[in-house]
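Trainee: I should like to learn how to read a protein model step by step. May we take one example and work through it together?

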Amino acid sequence: LLTPAGWPLRLAQVVEWSISVPIFLTMLSQLDPATASIRKCQASQSAAIVIGALGPLFVNAALSWGCFVVSTYLAAVVLLRMLSY
């Protein structure tokens, strides 16, 4: 699969996660981990990182997209929780 600009989709996924993951981790590290909600955010973000990293490794496009969708959902949940703080 290629993006509209002709780049391989998997390369686009790797670049996007390479930019967003350090930003998420920096923001999460600034929160107080003493509360259960913050620990849930950190766990969700860690899961998003692992699942997002696995996505480009799959040859099957459905599995790759599935990993991307799940990891994006987890990242969105983290963003919404952080927004409430």
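Mentor: We shall go from the overall fold to single residues.

Mentor: Please keep in mind from the start that this is a predicted model.

Trainee: How confident is the predictor, and where is the mean pLDDT lowest and highest among the elements?

Mentor: The general idea is that where pLDDT is low, the predicted coordinates should not be read in detail. In this chain the mean pLDDT is 77, and 87% of the residues reach 70 or more. Among the elements, α3 has the highest mean, 84, while α1 has the lowest, 75.

Trainee: How many helices and strands does the chain have?

Mentor: One begins by listing the elements in sequence order. The chain holds three helices and zero strands, which gives the pattern α-α-α along the sequence. Helix α1 covers residues 9–29, helix α2 covers residues 36–54, and helix α3 covers residues 61–84.

Trainee: What do the contacts tell us about residues 24 or more positions apart?

Mentor: Here one asks how far apart in sequence the touching residues are. Among contacts with a separation of 6 or more, 62% join residues 24 or more positions apart. A distance in space can also be set beside one in sequence: Ala76 and Ala48 are 28 residues apart in sequence, and their C-alpha atoms are 9.7 Å apart. Ala76 is in helix α3 and is partly exposed, at 34% relative accessibility.

Trainee: What share of the chain is buried, and what makes up its accessible surface?

Mentor: Of the 85 residues, 28% count as buried. The accessible surface comes to about 5400 Å², and 75% of that belongs to carbon and sulfur atoms.

Trainee: Which residues form the largest nonpolar core?

Mentor: One looks for buried nonpolar residues whose side chains are joined. The largest such core has six residues: Trp17, Val21, Phe24, Ala48, Leu74 and Ala75. Helices α1 and α3 each supply at least two of them, and the largest share, three residues, comes from α1.

Trainee: Which residues does Trp17 contact, leaving aside its neighbours within four places?

Mentor: Trp17 is in contact with Pro22, Gln45, Ala48, Gly52, Phe68, Ser71, Thr72 and Ala75. Two of these partners, Ala48 and Ala75, are also listed in the core.

Trainee: Is Ser44 buried or exposed?

Mentor: Ser44 counts as buried because its relative accessibility is 13%, and the cut-off for buried is under 20%. This serine is found in helix α2. Beyond residues up to four places away in sequence, Ser44 touches Leu74, Val78 and Arg81.

Trainee: How many aromatic pairs does a search of the whole structure find?

Mentor: For aromatic rings, one considers both the distance between centres and the angle between planes. The search finds one pair. Trp65 and Phe68 form it in an edge-to-face arrangement, at 5.8 Å centre to centre with 90° between the planes. These two residues are about one helical turn apart, because they lie three residues from each other in helix α3. Trp65 is partly exposed at 36% relative accessibility, and Phe68 is partly exposed at 23%.

Trainee: How many disulfides does the structure hold?

Mentor: In general, a disulfide is a covalent bond between the sulfur atoms of two cysteines. This structure holds zero disulfides. As for single cysteines, Cys41 is buried with a relative accessible area of 0%, and Cys67 is buried at 13%.

How values were computed: Residues are numbered from 1 along each chain as its sequence is written. This is a predicted model: local features need pLDDT of at least 70, side-chain atom pairs count only at pLDDT 80 or more; totals for chains, interfaces and linings use all residues. Side-chain values use heavy atoms; hydrogens and water are left out. Rings of Phe, Tyr and Trp (its six-membered ring) pair if their centres lie within 6.5 Å; planes under 30 degrees apart count as stacked, over 60 as edge-to-face and the rest as tilted. Helices (H or I, at least four residues) and strands (E, at least two) are DSSP runs, numbered from the N terminus. Buried means under 20% relative accessible area, exposed over 50%, partly exposed in between (1.4 Å probe, protein chains only). A nonpolar core is a set of buried Ala, Val, Leu, Ile, Met, Phe, Trp, Tyr and Cys residues joined through side-chain atoms within 4.5 Å. Contact means heavy atoms within 4.5 Å. Accessible areas come from the Shrake-Rupley method with a 1.4 Å probe; for residues, only the protein chains shown count as cover. pLDDT is the predictor's confidence in each residue, from 0 to 100. A disulfide is a pair of cysteine sulfur atoms within 2.5 Å.
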